[in-house]
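Please look through the structure shown below with its empty spaces and its ligand in mind. The paragraphs that follow take these one after another.

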Amino acid sequence: MTDANAPVHTRALIIGTGFSGIGMAIALQQQGVDFLLLEKADEIGGTWRDNTYPGCACDIPSHMYSFSFEPKPDWTHMWSFQPEIQDYLLGVTRKYGLRRYIHFDAHVDRAVWDDEELRWHVFTTGGAEYVAQFLISGAGGLHIPFIPEFEGLDEFGGAAFHSARWDHDVDLTGKRVAVIGTGASAIQIVPEIVREVAELQLYQRTPAWVMPRPNNPIPPALRRIFSYVPGTRAALRAGIYWVHEGVGFAMTKAPRLLKIGELLGKWNIRRHIKDPQLRRKLTPDYRAGCKRILNSDTYYRGIADPRTTVITDGISRFTADGIVTADGTERPVDVVVFATGFHVTDSYTYVDIKGPGGEDLVDRWNREGLSALRGITVADMPNLFFLLGPNTALGHNSVVFMIESQIRYVAQAIAATDKAGAAGLAPTRAAAERYNARLQDDLAGTVFNTGGCRSWYMDAHGVNRTLWSGMTWQYWLATRSLDLDEYRLIPSN
Ligand code: NAP
């Protein structure tokens, strides 16, 4: 007889089944390491499962925003829409037979390192317990929706939902719809829904730089070329990569070059918006790249639609049937869409992690700020890995490239532990501090830190805890081979 409540043992436990979790699982499978994946939802996909809002697409071309080892030559668009990306991830999951390793509806909320056993004990909100030598978080930074605490929101009688929790049961036809926020999600939503609604109120706090982007379907003949003519798909991927790295160079080494992008952004406004006052409202007053640079050929067209009003007065409160702005105007609203982003710098701490001696990682991070060695491992926390952890998000290229670098690094750490016959390894404080001091120095000159905006890249103390400081090939170099001098091996008991 087996006890249904007995802890489940495995060597490596992966949290999440987005690009990070799926990629990590494939690497461990190939390395012959026993693993399980814990997924809080009932399907794989992470971001690409959760975000189903109208117009949801990736703003990095798919030939680059996909695994290097699983190319898909027949992407239908250069910048794919959500269903095709989710299908891609489902296909990869199927191909590698990963479903059998996934425990769904397993929302991890606590992990405790056992100093005697030298194992992580991991608990889900449903009461399940897992015991593993290695714990790898593939949860990423953009999975906890952020809704501002507006006064009176509880009293609002209409439908209201976050862009990442789109309520498809709400019919927007003929409704007065408020979209709050003008970030990456909002600029995709606005042009899609404006056709249906009676009135679209767009509440803008800070305008975004939006570059032109034609995204017509890739002609079938071209897709066939990518499928059958050797080298063409790889050449396209390389071309996309280096163009984006060029932008990364400007962002991290020479922000003044971004003025060129600003000219393009201003042209994008001018060609769609005729009203000079509205043009002024939509033109950012900070350097492009300080916040994520967006791209769309349809956003300003959606704003030019007579049904759209751009409202720049701050929201002061909600009423039972509308929104009141700081100038005292009350506008009736039927549906509110919060395109207000995610809890980012506080998202890594949603799992309560207690390391050796019961040290609380969340407390440490709250005290000292979020940081990790090479964005992956944490000083004195054995066998704990973060994929897309602190300072490894990007403003300019595909995060899948970063994820693959990290996966390789984690696989090396596990192999190094095994080779040494050790129970595990943890980075030293000195190595982690050295690495982060250098990283923060490098970030100081980037547009993210100097561009004159307020962005979610910064934590509450104005320290950039989110973005990588250079180009992605530099990160690839920084993670190419694990340096055991930065680590302390933990002997087996
Ligand atoms: P976001 O970029 O954080 O944008 C949130 C928007 O909400 C901003 O315009 C922000 O204004 C506004 N906002 C926040 N609090 C507000 C308040 N209290 N009152 C009024 N406005 C408020 O969020 P997102 O658009 O969901 O995108 C988040 C990230 O997800 C992106 O940067 C990107 O990395 C990723 N994403 C990617 C894609 C893609 O195509 N790959 C698509 C969507 C999202 P402020 O600017 O003034 O703060």
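How do the residues of the lining of the second largest pocket divide into nonpolar, polar and charged? They divide into 16 nonpolar, eight polar and three charged, where Ala, Val, Leu, Ile, Met, Phe, Trp, Tyr, Cys and Pro count as nonpolar, Asp, Glu, Lys and Arg as charged, and the others, Gly among them, as polar. The model is a predicted one, in which local features need pLDDT of at least 70 and side-chain atom pairs count only at pLDDT 80 or more, while totals for chains, interfaces and linings use all residues. Residues are numbered from 1 along each chain as its sequence is written, and side-chain values use heavy atoms, with hydrogens and water left out.

Rolling a probe the size of a water molecule over the atoms shows where empty space is left. On a 1 Å grid over the protein atoms alone, a pocket is an open set of points with protein on both sides within 12 Å along at least five of seven lines, a cavity is a set where a 1.4 Å probe fits but cannot get out, and lining residues have an atom within 4 Å of a point. The second largest pocket has a volume of about 610 Å³, a volume being the space filled by probe spheres set on points that are joined across faces, edges and corners. Its lining comprises 27 residues, with M211, V243, H244, V247 and N295 nearest the centre. Helix α6 (232-253) is among the elements that supply at least two of these residues, and α6 gives the most, with nine; helices here (H or I, at least four residues) and strands (E, at least two) are DSSP runs, numbered from the N terminus. Because domain 1 (8-44 + 98-144 + 343-491) and domain 2 (153-216 + 224-338) both give residues to the lining, this pocket lies between them; the domain bounds come from an automatic or database domain assignment.

Turning to closed spaces, a search of the whole structure finds three cavities of 30 Å³ or more. The largest cavity has a volume of about 100 Å³, and of the 13 residues that line it, S137, Y348, Y350, V351 and F386 are the closest to its centre. Its lining holds ten nonpolar residues, three polar and no charged.

The ligand remains. Around it stand 23 residues (each with a heavy atom within 4 Å), the closest being A57, D59, S185, T206 and K291. An oxygen atom of the ligand is 2.4 Å from an N or O atom in the side chain of T206, and for S185 the corresponding distance is 2.7 Å.

Key: A polar contact is a pair of N or O atoms within 3.5 Å; within protein, one must be able to donate a hydrogen and the other to accept it, and residues adjacent in sequence count only if both atoms are side-chain atoms.
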